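Q: Please take a close look at one part of this structure, the core sheet and what is packed around it. I would like one connected account that moves from the overall arrangement down to individual residues.

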Amino acid sequence: MKRAKILLVDDDAAIRMVVTEALKRDGHDVRTAGSIAEQVALLESFVPDVLITDVVLPDGNGLDLVPTILAQRPDLPVIVLSAQNTLTTAVRATEQGAFEYLPKPFDLDELTRAVRDGLARSQGNDEPSAPAEDPDLPLIGRSAAMQDVYRMIARVVSTDLTVLVLGESGTGKELVARALHDMGGRKKLPFVAVNMAAIPRELIEAELFGHERGAFTGALARSAGRFEQASGGTLFLDEIGDMPMEAQTRLLRVLQSGEFTTVGGNRTIKVDVRIIAATHKHLPELIAAGQFREDLFYRLNVVPINLPALRQRDDDIGLLAHYFLERAAAEGLPRKRIDSAGTARLAAHNWPGNVRELENLMRRLAAIARDPIIPASLIEAQLGGHGEMSGDVSTTLEQAIELHLARYFVQFAGQLPPPGLHARIVAQVERPLLVATLAAVRGNQLKAAELLGINRNTLRKKLSDLGIEAQRGRSR
């Protein structure tokens with residue numbers, strides 16, 4: 001699609017900014033107006049290829065001007081936006097000649113697709129475009145809860161205000177931080193993320209502020225901290241609720257003055273960074289328990305953004321599932337999709353691991369489902385339902401292990417488990433297998449080795465390594 005001129009008329013500055021950013025990503029030239037008067041003035045010098053207009057404007061109804069414009073430009077696609085989500089408004093928009101009508105809150109994907117379709121029609125190609133899958137889209141969802149998040153992001157993205165992102169583990173707090181950075185004025189400068197929960201307490205200050213050579217055992221050279229690395233850009237402090245009190249005190253001083261010294265250093269370093277913090281914990285409770293500084297909380301909580309849990313976003317589950325399956329296919333897994341029955345089963349799940357749990361499930365289903373359409377029964381089995389767990393023993397065991405491993409990874413809240421995972425998991429599976437086999441043959445190691453298909457000496461070594469006592473005649 002060629003670069004197009006687009007006129008956007010809406011009195012909501014946040015909507016103008018977000019829509020403009022989305023359309024500019026598609027390569028379009030966008031001009032905006034906040035009223036009918038501004039629109040009329042712009043039309044004297046700007047000839048748009050697409051007109052996007054709100055209905056309720058400060059100085060009149062946005063639909064009133066549409067017939068006049070279309071009388072001069074019959075081929076101009078007009079897209080009408082309205083918070084008056086009534087049948088009357090939709091019908092009137094159509095009667096006035098609108099190409100598309102989108103009720104607020106609208107989904108940006110739907111709007112950009114409407115623009116592409118409108119341009120295709122005006123250029124003589126009436127074939128509608130397929131829904132776009134933007135691999136760089138930071139946040140996905142059209143639910144009312146997510147629209148509230150989008151509006152809040154839009155209001156602060158062009159500022160340097162400190163933001164505190166709140167939400168359960170797995171809801172996408174880092175995605176919000178990246179959206180604020182990538183769509184803001186610091187997008188060409190560094191984005192540095194640091195997880196407070198993943199750093200040993202004694203190393204947090206050195207991690208944040210850097211250290212000089214010889215500052216502590218193992219400090220063989222000077223190292224810049226995260227504040228220096230993020231200079232000019234954005235520093236994302238994830239899981240801020242896990243920061244120890246002594247580090248909180250030093251962080252507060254940096255936020256107040258914009259200056260710090262490295263560990264073991266005496267030179268004052270001044271930095272300009274935007275701070276975005278996040279936590280899944282309830283900070284007022286930590287303050288009451290003496291585990292978090294109240295003054296630091298107020299420094300961080302300038303603009304709070306609350307991310308909803310996935311169970312509060314039923315309307316988004318199907319959209320997210322489709323997105324994750326498409327992304328899995330782009331990464332080399334078989335292309336799969338979910339039908340309405342499967343989507344309904346997903347919506348009925350409580351999602352303790354939130355969006356991260358759904359993403360992991362979609363990757364797993366893409367890998368193990370035999371058919372292009374993932375059946376609801378397989379989703380039921382993977383989510384821990386018992387209705388589909390009877391039948392072939394080997395299949396049931398495989399499903400049980402997959403479910404256990406899925407829950408095992410979720411408990412690490414986005415971090416990786418300690419190294420040595422293969423040996424630990426194999427040992428956990430091998431032990432009950434050996435115990436059950438010995439019980440079945442009443443402790444006869446020769447029969448157990450034959451049944452297992454391994455050498456008797458190998459069996460003895462495994463029993464010894466795992467601390468299993470095999471007694472002849474033992475029953476369970």
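A: What follows begins with the sheet, passes to its central strand and a buried lysine, and ends with the aromatic pairs and two backbone details.

The model is a predicted one, and the description should be read with that in mind. Its open sheet is built from 5 strands, arranged in the order 2-1-3-6-7 and paired in the parallel sense. At the edges stand strand 2 (29-33) and strand 7, each of which has a single partner strand, so one side of each is left without a neighbour in the sheet. From one strand to the next the twist averages 15°.

Strand 3 (50-54) occupies the middle place in the order 2-1-3-6-7, and the bridges on either side of this strand can be followed residue by residue. Towards strand 1, the parallel pairing with strand 3 rests on 4 bridges, and within that pairing Ile6 has Val50 of strand 3 as its bridge partner. Towards strand 6, strand 3 again pairs in the parallel sense, over 4 bridges, and here Asp54 stands opposite Leu81 of strand 6. Strand 6, comprising residues 78-82, is in turn joined to strand 7 by 4 bridges, with the two strands running parallel; in that pairing the partner of Ile79 is Glu100 in strand 7.

How enclosed is strand 3 by the rest of the structure? Since 5 of its 5 residues are buried, strand 3 is largely enclosed by the rest of the structure. The side chains divide between two directions, with Val50, Ile52 and Asp54 pointing one way and Leu51 and Thr53 the other way, and all of these residues are buried.

Two helices are packed on this part of the sheet. Helix 1, residues 13-25, lies across strand 1 (5-9), strand 2 and strand 3, and runs at about 170° to strand 2. Helix 2, residues 36-43, likewise lies across strand 1, strand 2 and strand 3, but runs at about 140° to strand 2.

Asp54 leads from the sheet to a lysine. Lys104 sits in the loop that connects strand 7 (100-103) with helix 5 (108-122). Because its relative accessible area is 12%, under the 20% limit, Lys104 counts as buried. The side chain of Lys104 makes a polar contact at 2.8 Å with the side chain of Asp10, and another, at 3.1 Å, with the side chain of Asp54. Asp54, which stands opposite Leu81 of strand 6, is thus also in polar contact with this loop residue.

Beyond the sheet, aromatic rings form another set of contacts, with 6 aromatic pairs counted in the model. In one of them, the ring centres of Phe191 and Phe236 are 6.3 Å apart and the planes meet at 25°, so the pair is stacked. Because Phe191 belongs to strand 9 (residues 191-195) and Phe236 to strand 10 (residues 234-238), this pair ties together parts that are 45 residues apart in sequence. Phe191 and Phe236 are both buried.

Phe209 and Phe227 also form a stacked pair, with 5.4 Å from centre to centre and 15° between the planes. This pair links distant parts of the chain, since Phe209 is in helix 8 (residues 204-209) and Phe227 in helix 9 (residues 226-229), 18 residues apart. Phe209 is buried at 0% relative accessibility, and Phe227 is buried with a relative accessible area of 1%. Ring pairs join Phe209 and Phe227 with Phe260 into a cluster.

Two backbone details complete the account. Most residues other than glycine have a negative phi. Glu239, however, has a phi near 50°, a positive value in a residue that is not glycine. Glu239 lies in the loop between strand 10 and helix 10 (245-257), and at 10% relative accessibility Glu239 counts as buried. Asn354 likewise has a positive phi, near 60°, but is found in helix 15 (residues 354-368). With a relative accessible area of 0%, Asn354 is buried.

Technical notes: Residues numbered from 1 in each chain as written. Predicted model: local features only at pLDDT ≥ 70, side-chain atom pairs only at ≥ 80, totals over all residues. Heavy atoms only, no water. Buried < 20%, exposed > 50% of the residue type's maximum accessible area, 1.4 Å probe, protein only. Polar contact = N/O pair within 3.5 Å; in protein donor to acceptor, adjacent residues only side chain to side chain. Pairing = 2+ DSSP bridges. Axes fitted to C-alpha atoms, helices over the stretch in contact; angles between N-to-C directions. Contact = heavy atoms within 4.5 Å. Phe/Tyr/Trp six-rings, centres within 6.5 Å; stacked < 30°, edge-to-face > 60°.
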